[in-house]
Amino acid sequence: MIEIKRISLDDAKRVCKVWHYSGTVPAGRNLYYGIWQESCFIGVIIFGYGVGSHMGKSEGLRQHEVCELVRIALSGKQKFTSQVLAKCIKIFKIQNPNINV
């Protein structure tokens with residue numbers, strides 16, 4: 001079973017330092033989601049509002065109405081990255097109904 005919960009910036013930084021090739025968390029306003037599989041922490045998924053004010057403009061959206069996937073840092077113990085991401089996007093949309101991913 002996969003469980004997804006919001007986590008802090010500090011927790012996301014620790015995870016990305018170990019499990020992401022860049023070792024960093026992107027600057028800017030971000031939303032951090034911790035991922036657990038069968039009660040074992042397996043990583044983080046981060047959505048960001050983007051650094052450019054034009055993101056989403058072509059769709060008639062303002063900057064605070066659009067987010068993009070900016071990091072996936074997983075331990076490698078997950079069964080399917082796509083399944084983890086799909087579940088995270090579902091939860092993100094429920095928690096942030098005014099944002100388009």
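In what sense do strand 3 and strand 4 pair, and over how many bridges? In this predicted model, strand 3, which covers residues 40-48, pairs with strand 4 in the antiparallel sense, and the pairing runs over 6 bridges.

**View 1. The open sheet and its edges.** The sheet is open and has 4 strands, placed in the order 1-2-3-4 with antiparallel pairing. Its edge strands are strand 1 (2-6) and strand 4 (68-74), each of which pairs on one side only. On average, and with direction ignored, neighbouring strands of this sheet are turned by 25 degrees against each other. Between strand 3 and strand 4 there are 6 bridges, and Ile 46 stands opposite Arg 71, a residue of strand 4.

**View 2. Two helices and the sheet.** Helix 1, made of residues 9-19, packs on the sheet and touches strand 2 (30-37), strand 3 and strand 4, while its direction makes about 105 degrees with that of strand 3. Helix 2, made of residues 81-95, lies across strand 1, strand 2, strand 3 and strand 4, and runs at about 45 degrees to strand 1.

**View 3. A stacked pair between helix 1 and strand 3.** The model has 5 aromatic pairs, and one of them is formed by Trp 19 and Phe 41, which are stacked at 6.1 Å centre to centre with 20 degrees between the planes. Because Trp 19 lies in helix 1 and Phe 41 in strand 3, this pair ties together parts that are 22 residues apart in sequence. Trp 19 has a relative accessible area of 32% and is therefore partly exposed, since this class lies between 20% and 50%. Phe 41, at 27% relative accessibility, also counts as partly exposed. Together with Trp 36, Trp 19 and Phe 41 form one aromatic cluster.

**View 4. A tilted pair between strand 3 and helix 2.** Phe 47 and Phe 92 form an aromatic pair that is tilted, with 4.5 Å centre to centre and 40 degrees between the planes. Phe 47 lies in strand 3 and Phe 92 in helix 2, so the pair ties together parts that are 45 residues apart in sequence. Both Phe 47 and Phe 92 are buried.

**View 5. Arginines over tyrosine rings.** Arg 6 lies over the face of Tyr 33, where the distance from the ring centre is 5.6 Å. Arg 29 has its charged end over the ring of Tyr 49, at 4.0 Å from the centre of that ring.

Methods:
Residues numbered from 1 in each chain as written. Predicted model: local features only at pLDDT ≥ 70, side-chain atom pairs only at ≥ 80, totals over all residues. Heavy atoms only, no water. Pairing = 2+ DSSP bridges. Axes fitted to C-alpha atoms, helices over the stretch in contact; angles between N-to-C directions. Contact = heavy atoms within 4.5 Å. Phe/Tyr/Trp six-rings, centres within 6.5 Å; stacked < 30°, edge-to-face > 60°. Buried < 20%, exposed > 50% of the residue type's maximum accessible area, 1.4 Å probe, protein only. Lys NZ or Arg CZ within 6 Å of the ring centre and 35° of its normal.
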